[in-house]
Amino acid sequence: MTKRFQDKVAVVTGSASGIGAAVSRMLIEEGALVVGADIGEAAQTALAADLGERYIPVSANVTVEAEVKDLVGVAMERFGRLDLGFNIAGGGRLSMLMEMSETDWDFTVDLCLKGVFLSTKHEAAAMAPGSAIVNVASLNAHVPAHGFSAYTSAKAGVEMFSRNAALELAGRGIRVNCVLPGLVETPATGPFVSNQAILSAFMERIPAKRPAQPAEIAAPCLFLASAEASYVSGSSLLVDGAWGTTGYPDLRTWIGEFKP
Ligand SMILES: NC(=O)c1ccc[n+]([C@@H]2O[C@H](COP(=O)([O-])OP(=O)(O)OC[C@H]3O[C@@H](n4cnc5c(N)ncnc54)[C@H](O)[C@@H]3O)[C@@H](O)[C@H]2O)c1
């Protein structure tokens with residue numbers, strides 16, 4: 001059977017861990033060449049050893065425009081084309097808004113929102129018609145949670161930015177879509193998932209009664225980038241085990257444990 005992404009060239013940000021690593025692995029299994037950007041050098045080295053020569057690890061911080069430009073430059077110098085962009089790097093510092101410092105707000109909003117803007121901008125500049133970009137936001141783009149105001153605001157921004165990008169890039173033949181995961185078992189959510197009380201509070205609200213595995217987010221990301229989604233652009237896909245139907249638990253008891 002023909003692989004869906006045979007010899008397509010992809011940039012994946014936040015590629016060394018969690019959802020980004022799952023997307024990188026799945027793309028390579030489906031025939032793609034992946035230029036993966038991350039700031040975590042040890043994780044990059046380990047993933048590169050695992051995925052082999054179709055994975056090109058690049059040390060790049062998505063909040064720094066020159067580094068994002070150089071990242072896309074690696075794909076162009078190495079392969080002469082860029083077909084796919086998966087903008088996944090993200091995370092944040094949790095704090096109740098009355099205690100949140102300006103530094104922590106900026107950290108979260110820059111990482112989640114500015115990083116997606118810079119990545120989309122430079123990927124699109126290198127892409128030919130028929131290319132596709134998938135940005136990863138979060139269920140928190142729609143659902144607030146105690147201590148999450150910077151993150152929820154940034155992720156809501158990622159969703160709207162993706163729609164705006166779909167509008168502006170349609171004339172270049174580039175599709176842009178957004179995936180909104182619920183709770184996914186990754187290093188980022190380890191502190192939640194490994195705390196039994198917090199996990200129980202989440203499970204009371206998540207109808208699927210379990211977190212997703214990273215591959216369960218990667219597969220919908222690849223669908224949106226594939227030819228099967230050739231008329232899908234400016235769309236958002238919730239991948240949350242129906243969590244969006246119930247809302248977040250009250251995390252105030254625990255939020256102090258996750259302050260930077
Ligand atoms: N895990 C979840 O439950 C969940 C839910 C909804 C949305 N998300 C989103 O999915 C994305 C991936 O999350 P994850 O759980 O896989 O996280 P993760 O921590 O496992 O992986 C994130 C990767 O991004 C890298 N990174 C961090 N800052 C960076 C920067 N400035 N430049 C480049 N790389 C950087 C990290 O080194 C790490 O390898 C994030 O945008 C996150 O907000 C995650």
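Helix axes are lines fitted to C-alpha atoms over the stretch in contact, and angles run from 0 to 180 degrees between N-to-C directions. Helix 3 (residues 65-79) and helix 4 pack at about 35 degrees, with axes 9 Å apart. This is a predicted model, where local features need pLDDT of at least 70 and side-chain atom pairs count only at pLDDT 80 or more, while totals for chains, interfaces and linings use all residues. Residues are numbered from 1 along each chain as its sequence is written, and side-chain values use heavy atoms, leaving out hydrogens and water. Helices are DSSP runs (H or I, at least four residues), numbered from the N terminus.

**Helix 3 and helix 4**
- The crossing of these two helices is right-handed (the near helix is turned clockwise from the far one by less than a right angle).
- Contact means heavy atoms within 4.5 Å.
- Glu65, Val68, Lys69, Val72 and Met76 in helix 3 touch residues of helix 4, including Leu118, His122 and Ala126.
- This contact holds five nonpolar, two polar and four charged residues.
- Nonpolar covers Ala, Val, Leu, Ile, Met, Phe, Trp, Tyr, Cys and Pro; charged covers Asp, Glu, Lys and Arg; the others, Gly among them, are polar.

**Helix 4 and helix 5**
- Helix 4 (residues 102-126) and helix 5 (residues 149-169) pack at about 15 degrees, with axes 8 Å apart.
- Helix 4 is therefore roughly parallel to helix 5 (angles under 35 degrees count as roughly parallel, over 145 as roughly antiparallel, 65 to 115 as roughly perpendicular and the rest as oblique).
- Their crossing is right-handed.
- Among the meeting residues are Trp105, Val109 and Phe117 in helix 4, and Tyr151, Val158 and Phe161 in helix 5.
- The contact divides into 14 nonpolar, five polar and one charged.

**Helix 1 and helix 8**
- The axes of helix 1 (residues 18-29) and helix 8 (residues 214-225) come within 8 Å and cross at roughly 55 degrees.
- The two helices are therefore oblique to each other.
- Their crossing is right-handed.
- Ile19, Val23 and Leu27 are among the helix 1 residues that meet helix 8, where Ile217 and Leu222 are among the partners.
- This contact has twelve nonpolar, one polar and no charged residues.

**The ligand**
- The ligand is surrounded by 28 residues (one heavy atom of each lies within 4 Å).
- The closest are Ser17, Asp38, Tyr151, Val184 and Thr186.
- An oxygen atom of the ligand is 2.5 Å from an N or O atom in the side chain of Asp38.
- A ligand nitrogen lies 3.0 Å from a polar backbone atom of Val62.
- A ligand oxygen lies 3.5 Å from a polar backbone atom of Gly90.
- A polar contact here is a pair of N or O atoms within 3.5 Å.

Technical notes
Polar contact = N/O pair within 3.5 Å; in protein donor to acceptor, adjacent residues only side chain to side chain.
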